[in-house]
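Have your viewer open and your selection tool ready. We will go from stop to stop, and at each one you will hear what to select and what is there.

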Amino acid sequence: RASILGTPLLARGFVSLDLPVHHVEIDFDMENDLAGHVYMWGLLVSHPPMGEVGARSATLETTEPYEVIDAYEPDVDGSGARLEAEIFLAFWNRVHELRNQALERGESFQLYYWSHAELTVAKRICEAAAIDGLPSLAQVEAFFAESCTDLEAVLKAHFVMPSGTSVKKVAPLAGHDWSAVHDLANEDTDGEGASGDVSMIKHRLAVEAPDRHVRDAAKLWLRTYNEQDVIATLRVR
C-alpha cells in the first residue's frame, strides 16, 4: 500500500515514537574515499527547545556551527589507514569533550547517525590500531550503545517507506534538499549529483588535482556535501 500510494505509512502495532529529546544533540556523518578509507567526520551540535519531558518542539534551533574533521593526503606510502585513524581519534576526542561538557552541566546528550556504516567503520579502524591512543573495540561498542542512535533503524521500526530508507530518499519528505551542493556546480566538474559516488570523484580531485584552485573547490564541495548530510538527519529528527 505504501508503494502504491507513494507515501510513508505507519508500521503496524507501533504506538509512540521512541526518540526522546535531549539537551545536547549531535548529528554526524563520515565520508570515505575509493579505497574505503575515511577522510572526513562532520558533526552538527544542536540545542532543542525543551518543552515537556521527552517532547520535541516543532522548532529546533541549531546554535553551533558545523564542524568538520578531515584530511587530504596522497596515499603514496600506504598512509590511508594511519590518516583515517588520526581523524577518527580527533572526532572521538571531540565528541567526548562535548559529552563531558554536557554532563558537567547536568544535561542529557545523544548523537545521531544514519545506518550502520559509522559504527562498522569505527570498529574497523580501532581493530586495525594503525596509531596509538585509539579506543578499544569494547569502548566503541559501549559508546555507540549508550550515546548514539541509528536513525535509519528508528525509521524502519516505525514506518513503511515506499522507496527505500536511505537519507537521500527520506530527508526530502522532511523538507530538506541538497541545493547547497548543487549550487556549487560548474561546467568543469565531473557530475554534481549529491551522492557518495560523486564524493569519491571529488575526493580524488581534492587530493590529486595539480591545480590548487581545483583542489580547494573539491574540498569545499566535500565539506558542503557532508554538512548537508548532517543537516538532513537533523531535519528528519
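The tour starts with the whole chain and then moves through helices, loops and single residues.

**The whole chain**

Keep in mind throughout that this is a predicted model. Colour the protein by secondary structure and you should find nine helices and seven strands. Then colour by accessibility: 43% of the 237 residues count as buried. For a feel of how the chain folds back on itself, take the contacts between residues at least 6 apart in sequence; 69% of these join residues at least 24 apart.

**Where two helices cross**

Select helix H2, residues 80–104, together with helix H3, residues 117–128. Their axes are 10 Å apart and the helices pack at an angle of about 115°. Turn the view to look through the crossing of H2 and H3, which is left-handed.

Which residues make the contact between H2 and H3? On the H2 side, show Glu-84, Ala-85 and Phe-88. On the H3 side, show Ala-122, Arg-124, Ile-125 and Cys-126, which they meet. Coloured by type, the residues of this contact comprise five nonpolar and two charged, with no polar ones.

**Leu-89**

Stay in helix H2 and pick Leu-89. Is Leu-89 buried or exposed? Its relative accessibility is 15%, so Leu-89 counts as buried, the cut-off being under 20%. Measure across to Ile-125 in your viewer: the C-alpha atoms of Leu-89 and Ile-125 lie 9.6 Å apart, with their positions 36 residues apart in sequence. Now show what Leu-89 touches beyond four places in sequence: Ile-131, Asp-132, Gly-133, Leu-134 and Pro-135.

**Two positive phi values**

The next stops are about backbone angles. Most residues other than glycine have a negative phi. Select Ser-115, in the loop between strand S5 (109–113) and H3. Phi of Ser-115 is near 75°, a positive value in a residue that is not glycine. Ser-115 is also buried, because its relative accessible area is 17%.

Move on to Ala-129, in the loop between H3 and helix H4 (137–147). Here too phi is positive, at about 50°, and again the residue is not a glycine. Ala-129 counts as partly exposed, with 45% relative accessibility.

**A histidine in a loop**

Select His-22, in the loop between strand S1 (9–10) and strand S2 (24–32). Although this is a loop position, His-22 counts as buried because its relative accessibility is 14%. What does His-22 touch, leaving aside residues up to four places away in sequence? Show Pro-48, Met-50, Ser-108, Phe-109, Gln-110 and Tyr-112 around His-22.

**Ala-35 and Asp-197**

Go next to Ala-35, in the loop between S2 and strand S3 (38–46). Ala-35 counts as exposed, at 60% relative accessibility. Add Met-200 to the selection: 165 residues along the chain from Ala-35, it has its C-alpha 9.3 Å from that of Ala-35.

Now pick Asp-197, in helix H8, residues 196–208. Asp-197 counts as exposed, at 59% relative accessibility. Draw a line from its C-alpha to that of Asn-32, and you get 10.0 Å for two residues 165 apart in sequence.

**A short helix**

Select helix H6, residues 167–170, and find Lys-169 in it. Lys-169 counts as partly exposed, with a relative accessibility of 46%. Ser-163 and Gly-164 are the residues that Lys-169 touches when those up to four places away in sequence are left out.

**Helix H9**

Finish with helix H9, residues 212–236. How far does H9 reach from its first C-alpha to its last? The span is 36 Å over 25 residues, close to the 36 Å expected at 1.5 Å a residue. Zoom in on the start of H9 and show Asp-211 and His-213: a side-chain oxygen of Asp-211 comes within 2.7 Å of the backbone nitrogen of His-213.

Technical notes
Residues numbered from 1 in each chain as written. Predicted model: local features only at pLDDT ≥ 70, side-chain atom pairs only at ≥ 80, totals over all residues. Heavy atoms only, no water. Helix = DSSP H or I, 4+ residues; strand = E, 2+ residues; numbered from the N terminus. Buried < 20%, exposed > 50% of the residue type's maximum accessible area, 1.4 Å probe, protein only. Axes fitted to C-alpha atoms, helices over the stretch in contact; angles between N-to-C directions. Left-handed = near helix turned anticlockwise from the far one by under 90°. Contact = heavy atoms within 4.5 Å. Nonpolar A, V, L, I, M, F, W, Y, C, P; charged D, E, K, R; others polar. Expected span 1.5 Å × (residues − 1). Polar contact = N/O pair within 3.5 Å; in protein donor to acceptor, adjacent residues only side chain to side chain.
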